[in-house]
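Please open the model in a viewer and keep the selection tool at hand. The tour begins with the whole chain and then moves to individual strands and residues.

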Amino acid sequence: MEVVLLIPKNNASARSLPAAARNFERKKNLAADRGVLSKKEALEILRGKGLNMTGNITFASVNSLKAYYWANPIISFLDYDWNIILNDSHKKTLSAFFIPAKSIKKTEMHTRAISRGHAGPEMDIQIAYNDESFTDIRSKVSFAKYLVKSVRYGESVLKKADDKISTSRSLPAARNFEREKNLTMKDIIIEILQKHGGKACYEEIYNDYAIYTGKPVTSGMAGAIRNVIQCHSSDSKSFNGKEDLFHSCYGFGRGWWALREL
């Protein structure tokens, strides 16, 4: 297993960015120092270390409430080459796995019931934190033999990644940093969903919310985020009857939400 230690360097191109963008980069780098990464940022870090992952990719960070990695990729991923990235937010380490097509039988994996309209049956993967065998506690399948690289990351890596994608990726908060202090939780959730193309799961929303606010998402904060979403969705019994902003993508209780109107 290769571990890459990163040495911070001065970044002239980052200093040349507008103040608002530099401020957001600083917040994002601080979030990275706490282990808060998005899937796209993780891919950029790995690409910078010579690992270019394409195709079917599953990304999971160690759960902030319980000590395991949790993911629900569709089971058809097993028919094709499949990549997994696990983000250890405590040790700031990305573990990258490559599972060749059909190397794991569908009958080996534990699945969960699906709602009508979903893309297909989902695997229910839970890997205990600090388990060096990377074994799914449900199916007992070990992913250790598929590990191709482990990379430690930090502030300098995020800055390098930002240099590569600054022209193609710009969060609304980066463009409007000065008004961020006036944003409500509802506003931030809307912008996070816009960033993800209109829909995201709770874990992605939690990760990006931490980047926006510069604070970790505690269990209480996660509950508040869920409450805001459900109060603004007619799919939920908690709907406030006013602004119907969000809808449940694959059925209520699945943890995936989208903007009702893009």
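Begin with the whole protein chain in cartoon view, where the secondary structure comes to eight helices and eleven strands. The model is a predicted one. Colour the chain by relative accessibility: buried residues make up 48% of its 262 residues. In a surface view, the accessible surface comes to about 13,200 Å², and carbon and sulfur atoms account for 52% of that area. A contact map adds a further view of the chain: of the contacts between residues at least 6 apart in sequence, 64% join residues at least 24 apart.

**The four-stranded sheet**

Next, select β1, β3, β4 and β8, which form an open sheet in the order β1-β3-β4-β8. The pairing in this sheet is mixed. Which strands lie at the edges? They are β1 (56-61) and β8 (147-152), each of which pairs on one side only. From one strand to the next, the twist averages 15 degrees.

Now restrict the selection to β1 and β3, the latter covering residues 82-88. These two strands run parallel and are joined by six bridges. To locate the pairing at residue level, select isoleucine 57, which stands opposite asparagine 83 in β3.

**Threonine 58**

Remain in strand β1 and select threonine 58. Is this residue buried or exposed? Threonine 58 has a relative accessible area of 10%, and because buried means under 20%, it is classed as buried. Display its side chain together with that of tryptophan 82: a polar contact of 3.0 Å joins the two. Then show the surroundings of threonine 58, leaving aside neighbours within four places in sequence; the residues in contact with it are Ala71, Pro73, Phe77, Trp82, Asn83, Ile84 and Ile85.

**Two lysines with positive phi**

Move to the loop between β4 (93-99) and β5 (111-112) and select lysine 102. Its phi is near 65 degrees, a positive value in a residue other than glycine. Lysine 102 has 60% relative accessibility and therefore counts as exposed, the cut-off being over 50%.

The last stop is lysine 140, in the loop between β7 (125-128) and β8. Here too the residue is other than glycine and phi is positive, with a value near 70 degrees. Lysine 140 counts as exposed because its relative accessibility is 62%. From this loop, the chain can be followed into β8, one of the edge strands of the sheet.

Methods: Residues are numbered from 1 along each chain as its sequence is written. This is a predicted model: local features need pLDDT of at least 70, side-chain atom pairs count only at pLDDT 80 or more; totals for chains, interfaces and linings use all residues. Side-chain values use heavy atoms; hydrogens and water are left out. Two strands pair if DSSP finds at least two bridges between them. Axes are lines fitted to C-alpha atoms, for helices over the stretch in contact, and angles run from 0 to 180 degrees between N-to-C directions. Buried means under 20% relative accessible area, exposed over 50%, partly exposed in between (1.4 Å probe, protein chains only). Contact means heavy atoms within 4.5 Å. Accessible areas come from the Shrake-Rupley method with a 1.4 Å probe; for residues, only the protein chains shown count as cover. A polar contact is a pair of N or O atoms within 3.5 Å; within protein, one must be able to donate a hydrogen and the other to accept it, and residues adjacent in sequence count only if both atoms are side-chain atoms.
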